[in-house]
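Got your viewer open and a selection box ready? Here is a short tour, one stop at a time, with what to pick next and what you will find there.

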Amino acid sequence: MAETLDTFPRLLMHHAKVRPDRPAMREKALGIWQTWTWREIAEEVRLVACGLAAEGLTRGQHLALVGENRPRLYFAMAAAQSLGAIPVPLYQDAVAQEMVYVLRDAEVTHAITEDQEQVDKLLEILPECPKLAHIYYDDPRGLRSYAQPQLASYERLLERGRDYGAEHPGFFEAEVAKGAAEDTAAMHYTSGTTAHPKGVVLTYRNLIECGRNAAQMEGLTDREDVLAYLPLAWIGQNIFSYTQWLVAGFCVNCPESPETVMTDLREIAPTYYFAPPRVLEALLTQVTIRMEDAARIKRWMYGYFMGVARRVGGRILDGKPVGVADRLLYWLGDLLVYGPLRNVLGMSRVRVAYTAGEAIGPDLFTFYRSIGINMKQLYGSTETSVFVCIQPNGQIKPDTVGPPAPGVEVKVTDVGEILIRSPGLFREYYKNPQATAEAKTPDGWFRTGDAGYFDQDGHLKILDRAKDVGKLVDGTLFAPKYLENKLKFFPYVKEAVAFGDGRAMVCCMINIDFEAVGNWAERRNLAYSGYADLASRPEVYGLVRDCVEKVNADLAADPKLANSQIHRFLILHKELDADDEELTRTRKVRRGFIGDKFGVLVEALYSGRKEQFIETKVRFEDGRTGSISATLRIEDAKTFAPAAAKRAA
Amino acid sequence: MRADATAQQGAGGGTAPATGAARAVGAPILVVEGVSLAFGGVKALQGVSFDVREHEIRAIIGPNGAGKSSMLNVINGVYHPQEGTITFKGRSRHDMVVHEAAAQGIGRTFQNIALFRGMTVLDNIMTGRNLKIRSTFLEQALWIGRAKREELEHRRKVEEIIDFLEIQHIRKTPVGRLPYGLQKRVELARALAMEPELLLLDEPMAGMNLEEKQDMCRFVLDVNEQFGTTIVLIEHDMGVVMDISDRVVVLDYGRKIADGTPDEVRANQAVIDAYLGVAH
Amino acid sequence: MAGPVSFFFEVLFSGLLAGVMYSLVALGFVLIYKASGVFNFAQGAMVFFAALTFVSLVERGVNFWLAMAITLAVMILLGILTERVVLRPLINQPPITLFMATIGLTFFLEGLSQGIWGAQPHGLDIGIRDEPMEWLADRTGMFLSQFDLFASGIAAVLVTVLALFFQRTRIGRALRAVADDHQAALAVGIPLKHIWAIVWAVAGFVALVAGLLWGARTGVQYALTFVALKALPVLILGGFESIAGAIVGGLIIGASEKLAEVYLGPYVGGGIESWFPYVLALAFLLFRPEGLFGEKHIDRV
């Protein structure tokens, strides 16, 4: 049979043949970047696959992957697929109990873990997951004295594979040959904001076609460098660091540890980069803090040239006409500010950068574009193999996500919901025909649950989750995420939760950014003992009030949203945390849950009270629970009459 | 407190500690006999005797001013006791100097952190390798032959320790800029770089929050298990130490008032009195 | 060719070269300050002592190189003795006590050297003339002293050797460690006292080099101890703890005092050279007290 590159294992074998000695993956270990070539990886994957087969993993079974981005987890993924088994990556920072559901739902029999931490979790829930019979670990540290029969090291797995491969020559190749484009390639669980997570079944055709189309559109080659730093369980990580890795044959780099990502990013300087808005936000916050601490001349230079960049940077990147004087200034700014800044951000070589996952603040987005980084928005979801809309080069608008990607059909229903049909559309939710039927129409359209519309240029504009867009009692549109994002663009605001649906006015709960506000406080010699103390300071309230009022001034300028200005706000005494279920694992705020959990606060916001006592249960990292209590101040914010704001602006 | 409590195997039969480390506690490596130390008229230690066995974690606890730090300083030669002997690895000594103690395989950390604040984390840890450098002066200066090879080896060893203590992200950070908890970890890293047989930890958890304390406990246990290092640590707070120690010496007003397993010590009336502040 | 521009550069370069001579003295201070936190007032006396010992040996018919070797041995011995006799008994005393001790050492050294070798000034010839280089003058129109160029060459070699010593060798690293924290250095097995002895010996070596060059230029006489005073503004400018600072500080002081003398001198009646560096240093104290290359001490609790 002629070679058709329609499964991942076949793609891997193809690269091992075509570019055997090109670097395929790197990992920083003991301070040095270690490189694997395509040939080496193909060989290792063969061993792991044989090992897994020897340990009883068969076609159609599920292999759980638990850990950070480690090359061996990627190898295991390819190995499982070679056997026709299905990799199921889990969120590595989930607590043990959260893993039970997925492990049981997918009837996982084998798991590959990163280290002791993950092994401990799986051992803890072993009694609840009777089918889980084999757990392998990458890093043996601290595991020497573990004697559970289920447990074995990755090295042991390789050994088993070596023996098995020797006993069964041709086994691996035969297994790879059995794979077909319509087979399940991977299963990613959606982080459900409300119900149990659902396993999204994606086929090779889904992922490969989608990845290939996008790669062609962006002109990706085998010379790209990518840093794999987001959770494996997230579909984007699969697309950018696995699917497109195998489609284009470039090099994926694994950071040394989650804490070193910034350093590693700088060292690798990826050419193809993805970051969700919260990462971009954190980066910008760091830059802002550093600039505030910098010498006066540096601060002035930064301020001046960022002004130039805001004015012409985006236009220059889009190839639009710009005056000679501005061009010259921008060139100088590039030399003095933007270039060094890109270098610090690790984006000096970036050709294509995407952001997606949630709406990005327009100011945040234009910041990156203005300093010459080709940052583009992307719209998609697990169910659509990520790519639905991509902003094409030169046609970037901060408030839309661009036209549909190649091969994708998008339509908007009468009630404003976005529907999608594409080659990347998932086959089904695993063992959940009812949910599948709800999400997919009989003629193959996927209901995204997002509300939005096409603008006059055919670019899709996303407003919010369809179910979250509400109305104030006076009928004004209330798009909470839009407001929250506006607040979160301020470096001092980490999270915001807006309330207002069915109410007379909009109120807001705010999480300050501990690092940024802490720094701010230190510079003012403001002593504080911890997060809760800092958050309760009148000075900090003043700081946050300024942010809220600036947002209000902005909103006043938009006739559709002018009435959804924020009237009252409070600063929460604890940081919203995924462990306390206030955020999803992808760090989206769960507005409904928070509204219930902090019901007394919502009540206090709307009843006009000046302060409110609250006691909250928290869960510590080791799984213990405790409670913290505080009396929170509630403050009013100035709002603006639409006309007045227009004159001011 | 660790999930592997059920998983121990071959941990040396009856001497196996409740902490579940897979190591065999051996013969005494350090013997302290009848040590008395006075500063002027103040008696810091009075006839203290105890031993430390190879591969064990030995805690010295006691209320503030009980003489714990003095004891540690006697062991590594900062103070010279007026009476008594210290026998380390079978060799008795009276006047040992601090840097000789280091050369014999005694590493230590300090209660108030003694790091090279102007240097990076990496350079700090590298100083721990100083005693292990064998190449000659000239080779080092010209960066030839042995010196280069040696340097790379030391660097590798140091990287292993960095990996072990999970401080990769601060490798190039000047120590003076780090928060307290991380500085403590760097100090431990530097002591480990010396590959000591006996590690003295002076209040390793003092001033830490709960999470940092737990991290430090984990590292102490891991060091003990992975490298087989004998550890003597002092603490004034009984809590954490009891969970990770094999045996505990209790000092009060410069005298030993109890010595035994954590359970024995916990049940000892004199200890309870000392901690509750009952008058003598 | 010999226009105002070329004249400017001539002044600048001769200033820079003179600055190198200051740097040489400052280097001795930096070494000891770095390692033991002591401001060694005796550095000037050591320069004098080294130069006098050398020149006296040569005058008594000892071969040039042999005299150098003997003087070096004497300086190293002096360094070790200083650590033994002066510093060790004062261990853990406040810096001011140590400083006073070095003042005492200064008088002792001055007395000792004049007691042994007599008080009369000596000329010192190391075979390099303090004359303009014709080759350079022909080509560029700048008159630069052959001797100054030679001195700079020596200084460059010395600095390279010291840098290699500090960066690469075990002793050099130990030295940096000792400079940073005594307790920590002891804990990693660095013998403090040996290190100090080594530093004093190295400082003695640097004093010898400085003494020979300065002695050759100004004659070996008691006034040589005062070159230490010239090093002071260099140290303030460059920072007490930085070898690079000592070099750059010396260059700046040398260049600025010559330029000031030539271009400002006529307006204020000349003689600027003798006080200008101190004014510059004072100004520096106001704006950057830690010096150009000094470490900013941030105390965090």
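**Stop one: chain C**

Start with chain C, colour by secondary structure and read along the sequence: the pattern is α-α-α-α-α-α-α-α-α-α-α-α. In total, that makes twelve helices and zero strands. Bear in mind as you look around that this is a predicted model.

How compact is chain C for its 301 residues? Its radius of gyration is 20 Å, close to the 19 Å from the globule rule for 301 residues, so chain C is as compact as a globular protein of that length. If you draw a box along the principal axes, the C-alpha atoms of chain C fill roughly 65 × 55 × 35 Å.

Now switch on a surface. Chain C exposes about 13,700 Å², and carbon and sulfur atoms supply 69% of that. As for the inside, 50% of the 301 residues of chain C count as buried. Take the contacts in chain C between residues at least 6 apart in sequence: 74% of them join residues at least 24 apart. Colour the charges too, if you like: chain C has 17 positive and 19 negative ones, and their mean positions sit 11 Å apart.

**Stop two: who touches whom**

Bring all the chains back. Two pairs of chains are in contact, and of these chains B and C share the most contacts. Chain A and chain C do not touch, with 12 Å between their nearest C-alpha atoms.

**Stop three: covered strands in chain B**

Select residues 57-61 of chain B, which is strand β3. Five of its five residues are buried, so β3(B) is largely enclosed by the rest of the structure. Show the side chains and check which way they point: B:I57, B:A59 and B:I61 go one way, B:R58 and B:I60 go the other way, and all are buried.

Which strands flank β3(B)? Add residues 230-235 of chain B, strand β8: five bridges join β3(B) to β8(B), and the two run parallel. For landmarks, find B:R58 opposite B:V232 and B:A59 opposite B:L233. Then add strand β9, residues 247-252 of chain B, which pairs with β3(B) in the parallel sense over four bridges. Here the partner of B:I61 is B:V250.

Stay with β8(B) for a moment. Six of its six residues are buried, so to speak a strand that is mostly covered. B:T230, B:V232 and B:I234 lie on one side and B:I231, B:L233 and B:E235 on the other, with both faces covered. Next, select residues 198-202 of chain B, strand β7: five bridges join β7(B) to β8(B), again in parallel. Look for B:D202, whose bridge partner in β8(B) is B:I234.

**Stop four: a helix under cover in chain A**

Move over to chain A and select residues 116-125, helix α5. Is α5(A) enclosed or open? Eight of its ten residues are buried, so the helix is largely enclosed by the rest of the structure. The buried ones are A:Q116, A:Q118, A:V119, A:D120, A:K121, A:L122, A:L123 and A:I125.

To see what does the covering, show β3 (62-66), α4 (96-105), β5 (110-113), β6 (134-137) and β7 (151-153) of chain A, which are included in the cover over the buried residues of α5(A).

**Stop five: a three-stranded sheet in chain A**

Still in chain A, pick out β8, β9 and β18. They form an open sheet in the order β8-β9-β18, with antiparallel pairing. The edge strands are β8 (184-189) and β18 (428-429), each pairing on one side only. Between β8(A) and β9 (residues 199-203), you can count five bridges in the antiparallel sense. One to label is the bridge between A:T184 and its partner A:T203 in β9(A).

**Last stop: A:K28**

Finish by centring on A:K28, which lies in strand β1 (residues 23-29) of chain A. Is this lysine buried or exposed? A:K28 is buried, with a relative accessible area of 6%. Leaving aside neighbours within four places in sequence, A:K28 is in contact with A:W33, A:C254, A:E256, A:D264 and A:E267, and also with B:R171 from chain B. For one more distance, click the C-alpha atoms of A:K28 and A:G626: they are 598 residues apart along the chain and separated by 38 Å.

Technical notes
Residues numbered from 1 in each chain as written. Chains lettered and ligands numbered in written order. Predicted model: local features only at pLDDT ≥ 70, side-chain atom pairs only at ≥ 80, totals over all residues. Heavy atoms only, no water. Pairing = 2+ DSSP bridges. Rg over C-alpha atoms; globule rule 2.2 N^0.38 Å. Buried < 20%, exposed > 50% of the residue type's maximum accessible area, 1.4 Å probe, protein only. Contact = heavy atoms within 4.5 Å. Areas by Shrake-Rupley, 256 points an atom, 1.4 Å probe, with all protein chains shown as cover. Lys, Arg positive; Asp, Glu negative; His and termini not counted. Charge placed at Lys NZ, Arg CZ, Asp CG, Glu CD.
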